[in-house]
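Trainee: Before we start, could you put the chain on the screen? I would like to work through its strands, its core and its cysteines.

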Amino acid sequence: PYTFKGGAWPGVGGTCGAQPFVLTPAASCTFVMNFTSNPGTNTTYPDTIVIDFDDLGGTSQNQTENRNITGIFQKGWFDATDSSLSARFASESVWTGKQMIVWGGKTGSASSTRQNDGALYDPITDSWTPMTSTDAPTARSQHRVSWGGGKMFVFGGLGTNGTFSAAGQGGLYNPMTDDWDLVDTTDGDEPSGRMGHSLIYDHTNQQFIIFGGTTNTSVLAASNTYFLDPDGDANGDWLKIGTAGAPTQRYYHGSLWTGSAMLVWGGCTNRYSNTNGCDANAEVNDGMVFMPSGVGAGSWNGLDDGADPNKPNARYFPKMSWAPELGSQGKIILWGGSTDSTNTATLLEETTGAVYDLAAAADAKWSPINQTGSPNAGGRNISLNFWDGTYFYIWGGLQSEAAGVADLYRYNPGGNTWSTV
């Protein structure tokens, strides 16, 4: 159950050293290997590897020999090395396939504490690498980021004076060259400054898609759907299509990429006063799918669930994951979020969820998630979620706005069961 990581001997670490390496008689060394699958429990595995060696005796060269090895998988949390970044919140992060990029956020309550620095974390080497701030977008929090085409795209958010970033002001970061390109803000098709929007990468057409959002006073009207072609010119090229068929205005909605389309679900259609909270009963429980038909083109379609009795109730901040391994066409797992039925801008955490089956018949696509054993004691919002191919995970979040939690749950859609990790 092992594979070398990194390719070149000795994998990604250990004490054996790079070739040529001489190991004296009776000496030993280690090298780093990786499990090809996660057994889910503390497990010991026997296995063999083939070692290509030179006995330096002059009579035989490059002999191969089997050596027994034992690997131990240990599940649990491991402390990561602290980064050089200042402690912060309302930052954003993406996974590149090799590293996690963290950028922006606030270090305190004042607007002036918003940041425009970041760092890259490599979990294999447990190390952080600072990002350049040269040509980076302006400092901000509550922005959105997305990864695609070898670059991280940053757009929107609140600036250092508490107002929104300039129309279309965002940046593309390339971790291979450690440099930023500010996107074009003058071609006339760029979106206005906003937060609470969705930002998704369309892998098929190699473009970023933006929908919805709010300013600091009102939700943006049912808006255009915007596209950034990162390769359109030196600073990207903005495109847009009109509102025909698009979802109603909203912010803090859920969104994801299914492999061929962008799904938007839930959210809030009206702000409460001048807070970030949702107005009473302004949450929605509808959704739509945007089907791209090329760069800067596509159409919106409904979910065929208008009369589905198992459709989740209205909410904003829903947590959703795309599970392509489930069913014949994949499924969407949705859990948690917030409502505010009292017009007090106090978040009421949702404790329910459901699974949407793309292949099911119309009005029978949703199935409720079992609440037994779920993280439903008070619910939670602004948690982290991800799908690993088998389980849907929920970590942390807020309960009653102020009480943060640091537990990890996983949901098994096959058995409709929850367990703690």
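Mentor: The questions below go from the whole chain to single residues, and the model is a predicted one.

Trainee: How many helices and how many strands are there in the chain?

Mentor: Start with the composition of the chain, which has 421 residues, 44% of them buried. Its accessible surface is about 19700 Å², and carbon and sulfur atoms account for 50% of that. As for secondary structure, the count is 0 helices and 30 strands.

Trainee: Among contacts between residues at least 6 apart in sequence, what share join residues at least 24 apart?

Mentor: A contact here needs heavy atoms within 4.5 Å. Of such contacts between residues at least 6 apart in sequence, the share joining residues at least 24 apart is 51%.

Trainee: Which strands pair with β19, and over how many bridges?

Mentor: β19 covers residues 287-294, and 6 of its 8 residues are buried. Strand β18, residues 262-265, runs antiparallel to β19 and is joined to it by 4 bridges. Strand β20, residues 297-302, is also antiparallel to β19. The partners are therefore β18 with 4 bridges and β20 with 6 bridges, where a pair requires at least two bridges.

Trainee: Which residues stand opposite Met288 in β18 and β20?

Mentor: Met288 belongs to β19 and is the bridge partner of Val264. Towards β20, Met288 faces Gly302. The two residues are Val264 and Gly302.

Trainee: In the hairpin of β19 and β20, which residue takes a positive phi?

Mentor: The hairpin has 2 residues between its strands. One of them has a phi near 70°, and that residue is Gly296.

Trainee: Which strands stand at the edges of the open sheet of 4 strands, and why is one side of each left without a neighbour?

Mentor: The strand order is β21-β22-β25-β26, with antiparallel pairing. Each edge strand has a single partner strand, so one of its sides has no neighbour in the sheet. The twist from one strand to the next averages 20°. The edge strands are β21 (319-323) and β26 (366-368).

Trainee: Which residue in β22 stands opposite Ser321?

Mentor: β21 and strand β22, residues 331-335, are antiparallel and joined by 5 bridges. Across this pairing, the residue facing Ser321 is Ile333.

Trainee: Which strands each supply at least two residues of the largest nonpolar core?

Mentor: The core has 13 residues, and those touching the most other members are Leu256, Leu263, Trp265, Leu303, Met320, Ile332 and Trp366. In soluble globular proteins, nonpolar side chains tend to be buried together. The strands that each give at least two residues to this core are β18, β21, β22 and β25.

Trainee: Leaving aside neighbours within four places in sequence, which residues is Met320 in contact with?

Mentor: Met320 is among the core residues that touch the most other members. Its contacts beyond four places in sequence include Leu256, Leu263, Trp265 and Ile332. The rest of the list is Gly254, Ser255, Ile333, Leu334 and Asn385.

Trainee: How many residues apart in sequence are the parts that the disulfide ties together?

Mentor: The structure has 1 disulfide, formed by Cys268 and Cys278 with their sulfur atoms 2.1 Å apart. The link is right-handed, with 95° about the S-S bond. Both cysteines lie in the loop between β18 and β19, so the parts tied together are 10 residues apart.

Trainee: Is Cys268 buried or exposed?

Mentor: A residue counts as buried under 20% relative accessible area. Cys268 has 0%, so the word for Cys268 is buried.

Note on methods: Residues numbered from 1 in each chain as written. Predicted model: local features only at pLDDT ≥ 70, side-chain atom pairs only at ≥ 80, totals over all residues. Heavy atoms only, no water. Buried < 20%, exposed > 50% of the residue type's maximum accessible area, 1.4 Å probe, protein only. Axes fitted to C-alpha atoms, helices over the stretch in contact; angles between N-to-C directions. Areas by Shrake-Rupley, 256 points an atom, 1.4 Å probe, with all protein chains shown as cover. Core = buried A, V, L, I, M, F, W, Y, C linked by side-chain atoms within 4.5 Å. Disulfide = S-S within 2.5 Å.
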